[in-house]
Amino acid sequence: MKILIILNGISRKKNFFYREILPPLQENFEITVAETAYANHATLLASEALSRGFDCVLSAGGDGTLHQVINGVLSSKNSETLPSIGVIPLGSGNDFATACGIETSATSIIKLLKENSPKSTDVGKIFCEDTNGNEIQKYFINVCSLGMGPATVQQMEKSPKWMSADLRYFTAILKTFFTHQPEKILAKSENWEFSGRVRVFAVANGKSFGNKIFIAPDAKMQDGWLNTFLASDLPLAKFLWYLQAIKRSIKITDSKIEYSKVKKVTLSSPQKVLLEAEGELVGQLPARVEILENRIKFFRFDNPKR
């Protein structure tokens, strides 16, 4: 198997990757490593993978790097015949890798590639606008959201670069909790409708986002459904209290919090509302999010333990 590893060039675990992960992989597979050098470089590298003869693309980084790889592969000119995809978790959250049962070790990656075939996996597709009002399309494999998710991403982008990824995320989410105001949206699916203000609205293919916030504990990434999580304008103190249970994968029973399954959901707002996916800002409302069933082949373990 000919494998391209797309490595986040600014990952703080880069040296660990070259020292502990790469040498064992090279003993077992034909490996090429490409480091990203600028924003969204992973998307370009992934889009060229098939034309360069690679059978598999491994994203070595966090959820954001994986987001770019997914978009690069699915936007390639040969989008009907795609390389399989996998992940080497080197980020701070690694939510999708956790859902797939993948650990940050050469042993885990080698076992995954040698003993498992890539599995058909659903992908979400987003139709939305960029900040200039142009219509765009993006893909996601884990979670896309509006509300506190994009606000946290914006706060992270303002954080000093000397901070570690964990510290940047902690300070960003802390600022977001105390400054973000619920946003007014209209959401419609095939079986429900919501109109009002929300703190968080998430559409999930995976189980968690934001470093193990389990907004979709029942999600299955190959069942042809997207899971939604809606936290409306409940008091901040109560939301923070519920968040502790959500991080333990407990579903909340409250009229201000709703869970659902959808094939498609449309989103609009009278104000500017941003969308993020896997920690990357992707666009703004109005938007439509839908499921693409069995769109890619992804290396993951069966029935992984959380």
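Okay, Cys56: with a relative accessibility of 0%, this residue counts as buried. Keep in mind that we're looking at a predicted model. So does Cys56 have a partner, and how many disulfides does the structure hold? The count is 0. For Cys56, the closest cysteine sulfur belongs to Cys100, and at 13 Å that's too far for a bond. Cys144 tells a similar story: its closest cysteine sulfur is in Cys128, 9.0 Å away, which is again too far for a bond. To put that in context, the cut-off for a disulfide is 2.5 Å between the sulfurs. And Cys144 is buried, at 1% relative accessibility.

Let's move on to the nonpolar cores. As a bit of background, nonpolar side chains in soluble globular proteins tend to be buried together. Here, the largest nonpolar core has 49 residues, and those with the most contacts inside it are Ile5, Phe17, Leu25, Ile70, Ile88 and Phe298. There's also a second, separate core with 25 residues, including Ile126, Ala187, Leu267 and Leu275. If you want to find your way into the 49-residue core, try clicking on Phe17. Setting aside neighbours within four places in sequence, Phe17 is in contact with Ile5, Leu7, Leu22, Pro23, Val33, Ala60, Ile88 and Leu90.

Now, the aromatic rings. How many aromatic pairs turn up in a search of the whole structure? There are 4, and I'll show you two of them. One is Phe96 with Phe298, an edge-to-face pair with 5.2 Å from centre to centre and 90° between the planes. Phe96 is in helix H4 (residues 95-99) and Phe298 is in strand E14 (residues 280-298), so this pair ties together parts that are 202 residues apart in sequence. Are these two buried or exposed? Phe96 is buried, at 0% relative accessible area, and Phe298 is buried at 0% as well.

Next up is Phe229 with Tyr259. Their ring centres are 5.5 Å apart and the planes sit at 65°, so this pair is edge-to-face too. Phe229 is in strand E10 (residues 226-232) and Tyr259 is in strand E11 (residues 257-262), with their positions 30 residues apart in the chain. Phe229 is buried at 2% relative accessible area, while Tyr259 counts as partly exposed at 24%. Tyr259 has some other company: the charged end of Lys251 sits over the Tyr259 ring, 4.8 Å from its centre. You can find a charge over a ring at Phe127 as well, where the charged end of Arg288 sits 4.0 Å from the ring centre.

Let's stay with strand E10 for a moment. Of its 7 residues, 7 are buried, so E10 is largely enclosed by the rest of the structure. Which residues point which way? Leu226, Thr228, Leu230 and Ser232 go one way, Asn227, Phe229 and Ala231 go the other, and all of them are buried. E10 runs antiparallel to strand E9 (residues 193-204), and 6 bridges join the two. For instance, Val200 stands opposite Ala231 of E10. E10 and E11 are antiparallel too, again with 6 bridges, and there Leu230 has Glu258 of E11 as its bridge partner.

One last stop: His41, in helix H2 (residues 41-47). His41 counts as buried, at 12% relative accessibility. Not counting residues up to four places away in sequence, His41 touches Glu35, Thr36 and Gln68.

Key. Residues are numbered from 1 along each chain as its sequence is written. This is a predicted model: local features need pLDDT of at least 70, side-chain atom pairs count only at pLDDT 80 or more; totals for chains, interfaces and linings use all residues. Side-chain values use heavy atoms; hydrogens and water are left out. Helices (H or I, at least four residues) and strands (E, at least two) are DSSP runs, numbered from the N terminus. Buried means under 20% relative accessible area, exposed over 50%, partly exposed in between (1.4 Å probe, protein chains only). Contact means heavy atoms within 4.5 Å. A nonpolar core is a set of buried Ala, Val, Leu, Ile, Met, Phe, Trp, Tyr and Cys residues joined through side-chain atoms within 4.5 Å. Rings of Phe, Tyr and Trp (its six-membered ring) pair if their centres lie within 6.5 Å; planes under 30 degrees apart count as stacked, over 60 as edge-to-face and the rest as tilted. A charge sits over a ring if NZ of Lys or CZ of Arg is within 6 Å of the ring centre and within 35 degrees of the ring normal. Two strands pair if DSSP finds at least two bridges between them.
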